[in-house]
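Student: I would like to take a close look at one part of this protein with you. Could you walk me through it slowly and link it to its surroundings?

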Amino acid sequence: MASVTLKGNEIHTIGTLPDNGSKAPEFELTKNDLSTVKLSDYEGSRVVLNIFPSVDTGTCAQSVRQFNQEAAELDNTIVLCISKDLPFAQARFCGAEGIANVEMLSDFKDGNFGKGYSVAFSDGPLAPLLSRAVVVVDEKGNVIYTEQVAETTEEPNYKAALEALMN
């Protein structure tokens, strides 16, 4: 289990992120049109998983905006923004914000993404939402970078995640 904080108060996830060099766990998530997508659907592309509790919070919304801006400059890279928000809320946010360079995906149906990547909160006021984390996967489906953000109200290290793509 990972220990993180929410406004300085300790909370926990159900486990720890996948190790660098390991095969990224397969997942099925729901797109805004309610279709299903799997990690294997992106094979051959580099994938950034921007994971967060809810797009309805300022820090989460900013992470989507920032990765949307950065994604426009990346070759052969897809940014997936993942939360348990309903697909309708994700679509509404993207429409209002003009978000077009990232894909919003929801773990609302069964929570298996949160379990597979060990990012679901196990306690605290946000349980069982997803913790703030970033996982970068290479073209072959291997994890090349992870960050479990220590303080939930803070943004991830965008620069470090994007630099992992350059190696």
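Tutor: Happy to; what follows starts at a helix and the loop after it, then moves outward to the surface.

Keep in mind that this is a predicted model. Let us begin with Gly-114, whose place is in helix α3. Gly-114 is buried, with a relative accessible area of 0%. Leaving aside residues up to four places away in sequence, Gly-114 touches Ile-14, Asp-107, Val-119, Ala-120 and Leu-130. You can also relate Gly-114 to Ser-83: their C-alpha atoms are separated by 8.9 Å, and the two residues are 31 apart along the chain.

Now step into the loop between α3 (112–116) and β8 (133–137), where you will find Ser-118. Its relative accessibility is 15%, so Ser-118 counts as buried, given that buried means under 20%. With residues up to four places away in sequence again set aside, the contacts of Ser-118 are Thr-13, Ile-14, Gly-15, Thr-16 and Phe-113. Ile-14 is worth a second glance here, since Ile-14 appears among the contacts of Ser-118 and also among those of Gly-114.

From there, turn to Ala-24, in the loop between β2 (9–12) and β3. Ala-24 counts as buried because its relative accessibility is 8%. Beyond residues up to four places away in sequence, Ala-24 touches Leu-39, Tyr-117, Val-137, Gly-141, Asn-142 and Val-143. Glu-139 makes a useful landmark too: the C-alpha atoms of Ala-24 and Glu-139 are separated by 11 Å, with their positions 115 residues apart along the chain.

Next, the surface. A patch of negative charge gathers Glu-26, Glu-28, Asp-41 and Asp-110. Of these, Asp-41 lies in the loop between β4 (36–38) and β5 (46–51). There is also a nonpolar patch on the surface, formed by Leu-34, Leu-86, Phe-88 and Phe-108, which together have about 370 Å² of accessible area. Leu-34 sits in the loop between β3 (28–30) and β4, and at 42% relative accessibility Leu-34 counts as partly exposed.

Finally, consider the charged pairs. How many salt bridges does a search of the whole structure find? There are two. One joins the side chains of Arg-65 and Glu-97, at 2.8 Å from N to O. Arg-65 belongs to helix α1 (residues 58–71) and Glu-97 to helix α2 (residues 87–97), so this pair ties together parts that are 32 residues apart in sequence. Both partners count as partly exposed: Arg-65 has a relative accessibility of 29%, and Glu-97 has 35%.

Lys-159 and Glu-163 form a salt bridge as well, with their closest N and O atoms 3.9 Å apart. That sits just inside the cut-off, which asks for the nitrogen to be within 4 Å of the carboxyl oxygen. Lys-159 and Glu-163 are four residues apart in helix α4 (residues 158–166), so about one helical turn separates them. Lys-159 counts as exposed at 59% relative accessibility, whereas Glu-163, at 42%, counts as partly exposed.

If you go back to the start with all this in view, you can set the buried Gly-114 and Ser-118 against the exposed Lys-159.

Terms used: Residues are numbered from 1 along each chain as its sequence is written. This is a predicted model: local features need pLDDT of at least 70, side-chain atom pairs count only at pLDDT 80 or more; totals for chains, interfaces and linings use all residues. Side-chain values use heavy atoms; hydrogens and water are left out. Patches are made of residues with over 30% relative accessible area and no salt bridge: like charges are joined within 9 Å, nonpolar side chains (Val, Leu, Ile, Met, Phe, Trp, Tyr) within 5 Å. Accessible areas come from the Shrake-Rupley method with a 1.4 Å probe; for residues, only the protein chains shown count as cover. Lys and Arg count as positive and Asp and Glu as negative; His and the chain ends are not counted. The place of a charge is taken as NZ of Lys, CZ of Arg, CG of Asp or CD of Glu. Helices (H or I, at least four residues) and strands (E, at least two) are DSSP runs, numbered from the N terminus. Buried means under 20% relative accessible area, exposed over 50%, partly exposed in between (1.4 Å probe, protein chains only). Contact means heavy atoms within 4.5 Å.
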